[in-house]
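Got your viewer open? Load the model shown here and follow along, one selection at a time.

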Number of protein chains: 2
Amino acid sequence: MTGPRGYTYGSADLETSPVSLDDLRKIEETILWTDADRQALLRARPILEPRTDEILDVWYGYVGDHPFLIESFAGADGNPDPDYLAAVRERFKIWVVDLCSREHDQEWLNYQHEVGLRHTSAKKNLTDAVESPAAEIKLRYLIGFIVPLTATMRPFLAEGTSDPEELDAMYGAWFKGVTLTAILWSEPYSTSW
Amino acid sequence: MTGPRGYTYGSADLETSPVSLDDLRKIEETILWTDADRQALLRARPILEPRTDEILDVWYGYVGDHPFLIESFAGADGNPDPDYLAAVRERFKIWVVDLCSREHDQEWLNYQHEVGLRHTSAKKNLTDAVESPAAEIKLRYLIGFIVPLTATMRPFLAEGTSDPEELDAMYGAWFKGVTLTAILWSEPYSTSW
Ligand code: HEM
Ligand code: HEM
C-alpha cells in the first residue's frame with residue numbers, strides 16, 4: 001500500500017461493502033451517470049491533480065469558517081487538532097484524484113464503505129488515533145457538502161479549459177461523482193438506505 | 001386550504017418539525033445559501049411556474065423509464081396507479097413554485113417535515129389512500145434525485161434568460177434549494193441526522 005497515512009484503498013483487510021454492484025448500477029442510473037461522465041472526469045484529472053493543495057486550502061478555509069463544522073476536527077482538548085487535520089488533508093487530496101479516475105468496481109465500493117464508516121461513530125477518529133469529542137459527522141452535513149464540494153470546483157475546472165461545453169461536461173460529471181460519494185457514504189446512517 | 005388534493009402547506013394540523021430554525025440556519029450556511037440565492041429563485045419563479053406541466057412531463061418520463069423508481073407508484077395490483085401519479089403530480093408542480101418563493105420559516109419547515117415523512121413508511125400512501133406494496137422511498141434515491149431534479153431544470157431556466165450569469169445564478173440557487181429539500185426530508189431516515 002502506498003499513499004498517505006491511513007489511506008487503505010484496495011487493502012485486502014477492508015470489509016466487503018454491503019452495497020452490491022447491482023445496487024450501484026441502479027444508483028448510477030438514478031443520477032444519470034454515463035460513460036461520458038467517466039470520460040469527462042478522466043479529462044478533469046490532469047487539471048485538478050496538480051492543484052489539490054489549493055483545492056484543499058479552499059475547502060479547509062470553508063470548514064474553518066464554520067464553528068459547527070470545524071468542531072468535527074477537535075482533539076482531546078476540544079480545539080482543532082493540527083495533526084488530525086493534516087492527515088485527513090492528504091487523504092482528501094487523493095480522494096479528488098480517485099474520484100476522477102477509479103473504476104466503479106468492488107474495490108471502489110469497499111473503500112466507499114470504509115470511508116462512510118469513518119464519518120460515523122463506528123470508525124471516526126480511529127484511523128488517526130485521535131481522542132476527539134466529535135464522535136460522528138451528522139447526515140445533514142454529509143449531504144450538505146454536495147454543494148460546496150461541487151460549486152468550489154468550478155473555478156479550478158474553468159482554468160483548465162476555454163471551451164464552455166467541456167467545462168459543463170467536467171463540472172456536471174464532478175457533481176454526479178460527489179453526489180454518488182455522498183449516497184454511498186450515507187449507507188451506514190439509515191436502515192432505510 | 002387551497003391547492004391540490006393532499007397539499008397541506010400551512011395547515012395548523014401539521015406536526016412541528018423536529019428541525020429547529022437554528023438547525024436550518026446552519027444547514028443553509030453549509031450549502032452556501034445566501035440572500036442572492038433567494039432573490040435568484042424569486043426571479044426564476046415566473047420562468048418556471050407557467051411550465052410546471054412540461055417539467056413534470058420530463059420528471060415523470062425519467063421515473064417511468066426506470067422500473068426500480070416507478071415501482072414506488074404501484075397500486076394494489078403492483079402496476080403504476082394512475083390516480084396516485086396524477087395526485088402527486090399536482091403537488092409536485094406546486095413544490096416547484098414553493099421552492100422558488102416560500103420563506104424558510106417555521107411553516108416551511110413543518111411542511112418539509114410532513115413531506116419527508118410521506119417518503120418514509122410512516123406516511124407514504126396515506127395522503128392518497130393508495131394500497132401500495134411500495135412502503136417507502138429508499139434514502140439512496142432520495143439523495144440521488146438531487147442530480148436529475150437539478151440538471152433537468154437548466155434548459156427550462158436557460159429559455160427564460162439570455163444572460164449566462166443570470167442563468168448561473170438561478171441554476172445555482174435551484175441546485176441549493178433541491179439539496180436543502182433532500183437534507184430536510186432525510187431527517188426521519190436517520191438517528192444521526
Ligand atoms: C460529500 C461529503 C463529504 C466528502 C466527499 C468528504 C470527504 C472526505 C475524505 C476524502 C476524507 C478522508 C477519507 C479517508 O480516510 O481516506 C474525509 C474524512 C473526514 N471528513 Fe469528510 N467528507 C464529506 C463530509 C464531511 C463533513 C460534512 C464533515 C464535517 C465537518 C467531514 C469531516 C471529516 C472528518 C472529521 C474526517 C476524518 C474522519 C476520521 O476520523 O477518519 N466530512 N472526508
Ligand atoms: C430530492 C428528492 C425528491 C424530491 C424533491 C421529491 C419531490 C416530491 C414532491 C414535491 C412530492 C409531493 C409532496 C406533497 O405531498 O406535497 C413527492 C411525493 C412522492 N415522491 Fe418524491 N421527491 C424526491 C424523491 C423521490 C424519490 C427518489 C422517489 C422514488 C421514485 C419519489 C417518489 C415519490 C412518491 C411515491 C410520492 C408520493 C408519496 C405519498 O404517498 O404521499 N420521490 N415527491
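This tour of a predicted model goes first to the contact between two chains and then to a ligand.

**Stop 1: the two chains together**

Colour chain A and chain B differently, then pick out the residues where they touch. You should end up with 36 residues from chain A and 36 residues from chain B. Between them the two chains bury about 3200 Å², and 68% of that area is on carbon and sulfur atoms. Now select A:Thr30, A:Arg140 and A:Val147: in chain A, these lose the most area to chain B, together 21% of what that side buries.

**Stop 2: charges and polar pairs across the contact**

How many salt bridges are there between chain A and chain B? The count is 4. To look at one, show A:Asp168 and B:Arg154 as sticks; they form a salt bridge, with the closest N and O atoms 3.5 Å apart. Polar contacts are here too: 14 residue pairs make them across the interface of chain A and chain B.

Next, switch chain A to cartoon and find the helices that face its partner. α1 (21-30), α4 (67-70), α7 (139-144), α8 (146-151) and α10 (164-185) of chain A each supply at least two residues of the side that touches chain B. Colour that side by residue class and you get 18 nonpolar, 9 polar and 9 charged residues.

**Stop 3: the iron atom**

Move over to ligand 2 and centre on its iron atom. Which protein donor does the iron have? Select B:His119: its NE2 atom, at 2.2 Å, is the only protein donor. Trace the backbone around B:His119 and you'll see that this residue is in the loop between α6 (106-118) and α7 (139-144) of chain B.

**Stop 4: around ligand 2**

Stay with ligand 2 and bring up its surroundings. There are 21 residues around ligand 2, the closest being B:Tyr84, B:Arg91, B:Tyr111, B:Arg118 and B:His119. Try a few distances:

- From the side chain of B:Tyr111, an N or O atom is 2.6 Å from an oxygen atom of ligand 2.
- From the side chain of B:His119, an N or O atom is 2.9 Å from a nitrogen atom of ligand 2.
- From the backbone of B:Asn125, a polar atom is 2.7 Å from an oxygen atom of ligand 2.

Which elements give two or more residues to this shell? Highlight α5 (82-101), α6, α7 and α10 (164-185) of chain B. The largest share, 5 residues, comes from α5(B). Finish by colouring the shell by class: 14 nonpolar, 4 polar and 3 charged residues.

Key
Residues are numbered from 1 along each chain as its sequence is written. Chains are lettered from A and ligands numbered from 1 in the order in which they are written. This is a predicted model: local features need pLDDT of at least 70, side-chain atom pairs count only at pLDDT 80 or more; totals for chains, interfaces and linings use all residues. Side-chain values use heavy atoms; hydrogens and water are left out. Contact means heavy atoms within 4.5 Å. Buried area is the accessible area (1.4 Å probe) that two parts lose on being put together, summed over both. A salt bridge is a side-chain nitrogen of Lys or Arg within 4 Å of a carboxyl oxygen of Asp or Glu. A polar contact is a pair of N or O atoms within 3.5 Å; within protein, one must be able to donate a hydrogen and the other to accept it, and residues adjacent in sequence count only if both atoms are side-chain atoms. Helices (H or I, at least four residues) and strands (E, at least two) are DSSP runs, numbered from the N terminus. Ala, Val, Leu, Ile, Met, Phe, Trp, Tyr, Cys and Pro count as nonpolar, Asp, Glu, Lys and Arg as charged, and the others, Gly among them, as polar. Donors are N, O and S atoms within 2.8 Å of the metal (3.2 Å for Na, K and Ca); water is not among the atoms, so sites may look incomplete. A residue is near a molecule or strand if one of its heavy atoms lies within 4 Å of it.
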